[in-house]
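Me: I am new to reading protein models and would love some company. Could you take me slowly through one part of this one?

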Amino acid sequence: MVLSTAQPTDRTTGGFTPSPMEPLKHQLLATLAQHRMASTHQLHILLRPDRSRQAVSEQLNDLFGERLVDSVVLPQSHRTRVWYLTPNGARLTRDWPALRGRPPYPITSATAASLKTPHTLTVLRTHLVFVADARRRGDEHGHLDWTPEVFHSIGDGERVVADAVMHYTLIEGEQRRKLRAFVEVDRATMSSGRLAAKLIGYARLWAYEPQPLGRRAKSPGLGWLGWYPVFPRVLVVLTGASRRTMDNRIHDLKAMTAHHPLVADLACEVPLGAVTLDDLEEHGPSSDVWVPLAGGACRPWTGL
C-alpha cells in the first residue's frame, strides 16, 4: 500500500474551531450529549486545542459539582477520566436547538459507562482525526458534525444502525462541497463475515422504498431521501487487531462488494472505502490510505 504524506501548505489558517463566544460549559454539555462520553483529552482537542487542558478540566469539575456530568476512571490507563451526562444533564440539553431530534441516552451508573466506553471512545477517536484534518486544510467539520448511533428503518421492524454519520464541508477556493458519510468502526469484536454483511444492510437502505399507507397512495420513493439529499458514502475504519487480520477483513469487504448483487449495485453509485485507524492517525484521511471496496488504488476519502 502506497501512502501519500504530502501536506498542503496554503490552507492551514481557516480551520473550523468552536466559537469562543459560546461558553465552554455549554459546548462541553452539548458535546457529551452528542457523543455520549469523552475523555478529558478528547474534549480538550475537540473544543479548545489552543488553550490549556487545565482550562477544560476546571469547567468539567464545575459541571460535576452542579451534578450535570459524572465520570469514571479507565482501568490501566494512567487515570484517564471519561465524562458523561447525568440524567439531569441529559434533561437540560434535550431541547437545545443543536441537539433537537437527538434522543437522550443518559448513563445511569459507572458500570453502564464502563460497558459503553471502549467502542464509544474509539468512534470519537476516529472523529478527532477528521477534525484535525479539517483544521489543517481549512475545511468545516466541528464537534457537532459527527452523530453517533444513527438508526434508519428498512421496513418489517428491521433497521440499519450507523456507528456515526459524518457531515463535512470541503472548501476548495470559492467552492463549497458538502459531503456525508456513514462511518463503521470495527474493533475486531465480531467475525469478519458479520462485518462484511453490514454492507448488505447499507445496500438494503439504499434500495429501500417504504410502502404507501393506502392502496391509492403514491409511493413516497426511496426512504433515505427523507434524511439525505445524496446517499452518504460508506467508510469502514478498522482497529483492534494485527495488520494481517485487518487486511484480511478488508479483503472480505471487497469480496462482499464484488459478489453480492445488491452491494455491487450500491458500489456503482456510492463510494465505499476502508482504512485502518493507525493509518488514519499517522497519515490523515486526506492521504492515499483508503482502500476502495469496488477496486482500484488507495486514495483520499474524498476521492473514493
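To warm up, what does C298 count as, judged by its relative accessibility? After that, please take a close look at the open sheet of six strands.

Reply: Happy to! Please keep in mind that this is a predicted model.

First, your cysteine. C298 counts as partly exposed, because its relative accessibility is 23% and this class lies between under 20% for buried and over 50% for exposed. Another cysteine, C268, has a relative accessible area of 64%, so it is exposed. A disulfide is a covalent bond between the sulfur atoms of two cysteines. The structure holds zero disulfides.

Now to the sheet. Strands of a sheet pair through backbone hydrogen bonds, either parallel or antiparallel. Here the pairing is mixed, and the strands come in the order β4-β5-β6-β7-β8-β9. At the edges sit β4 (146-153) and β9 (291-292), each of which pairs on one side only.

Let's step across it, beginning with β5 and β6. These two strands run antiparallel and are joined by nine bridges. Within that pairing, A164 stands opposite V183 in β6. The two strands form a hairpin with two residues between them. Have a look at G173 in the turn, where phi is positive at about 65 degrees.

On the next step the direction of pairing is parallel: β6 (residues 175-186) and β7 (residues 233-238) share six bridges in that sense. A pair to find here is F182, which stands opposite V234 in β7. The step from β7 to β8 is also parallel, over five bridges, and V236 stands opposite A274 in β8. Then β8 and β9 run antiparallel, joined by two bridges. A274 turns up again at this step, with V291 as its bridge partner in β9. That makes A274 a handy landmark, with V236 opposite and V291 as a partner in β9.

Let's pause on β8 (residues 272-276). Five of its five residues are buried, so the strand is largely enclosed by the rest of the structure. In a regular strand the side chains alternate between the two faces of the sheet. You can follow this in β8, where L272, A274 and T276 point one way while G273 and V275 point the other way, and all are buried.

Just before β8 in the chain you will meet helix α8 (residues 261-269), whose buried residues are V263, L266 and A267. Seen down the helix axis, these buried residues fall within an arc of 100 degrees, so they line one face of α8. An α-helix has 3.6 residues a turn, so residues three or four places apart point the same way. The face of α8 turned away from the buried side carries the exposed residues P261, C268 and E269. So C268 from our warm-up, exposed because its relative accessible area is 64%, belongs to that outward face.

The sheet strands also help to line some empty space. Rolling a probe the size of a water molecule over the atoms shows where empty space is left. The largest pocket holds about 330 Å³ of space. Of the 19 residues that line this pocket, H119, V123, D163, V185 and K198 lie nearest its centre. The elements giving two or more residues to the lining are α5 (110-137), β4, β5 (159-172), β6 and α6 (192-207). Helix α5 gives the most, with four residues. By class, the pocket lining has eight nonpolar, four polar and seven charged residues.

There is also a second largest cavity, with about 30 Å³ of space. Its lining is made of E184, L195, K198, L199, V236 and L253. Here α6 gives the most, with three residues. You may recognise V236 as the residue opposite A274, and K198 from the residues nearest the centre of the largest pocket.

Finally, the two helices from the pocket lining each hold a residue worth finding. In α6 there is Y202, which counts as buried because its relative accessibility is 1%. Y202 and V161 are 41 residues apart in sequence, yet their C-alpha atoms are 9.2 Å apart in space. In α5 there is V129, buried because its relative accessibility is 11%. V129 and L277 are 148 residues apart along the chain, with 9.0 Å between their C-alpha atoms.

Definitions and conventions:
Residues are numbered from 1 along each chain as its sequence is written. This is a predicted model: local features need pLDDT of at least 70, side-chain atom pairs count only at pLDDT 80 or more; totals for chains, interfaces and linings use all residues. Side-chain values use heavy atoms; hydrogens and water are left out. Two strands pair if DSSP finds at least two bridges between them. A disulfide is a pair of cysteine sulfur atoms within 2.5 Å. Buried means under 20% relative accessible area, exposed over 50%, partly exposed in between (1.4 Å probe, protein chains only). On a 1 Å grid over the protein atoms alone, a cavity is a set of points where a 1.4 Å probe fits but cannot get out, and a pocket is an open set with protein on both sides within 12 Å along at least five of seven lines; lining residues have an atom within 4 Å of a point. Grid points are joined across faces, edges and corners, and a volume is the space filled by probe spheres set on the points. Ala, Val, Leu, Ile, Met, Phe, Trp, Tyr, Cys and Pro count as nonpolar, Asp, Glu, Lys and Arg as charged, and the others, Gly among them, as polar. The arc is that of the directions from the helix axis to the C-beta atoms.
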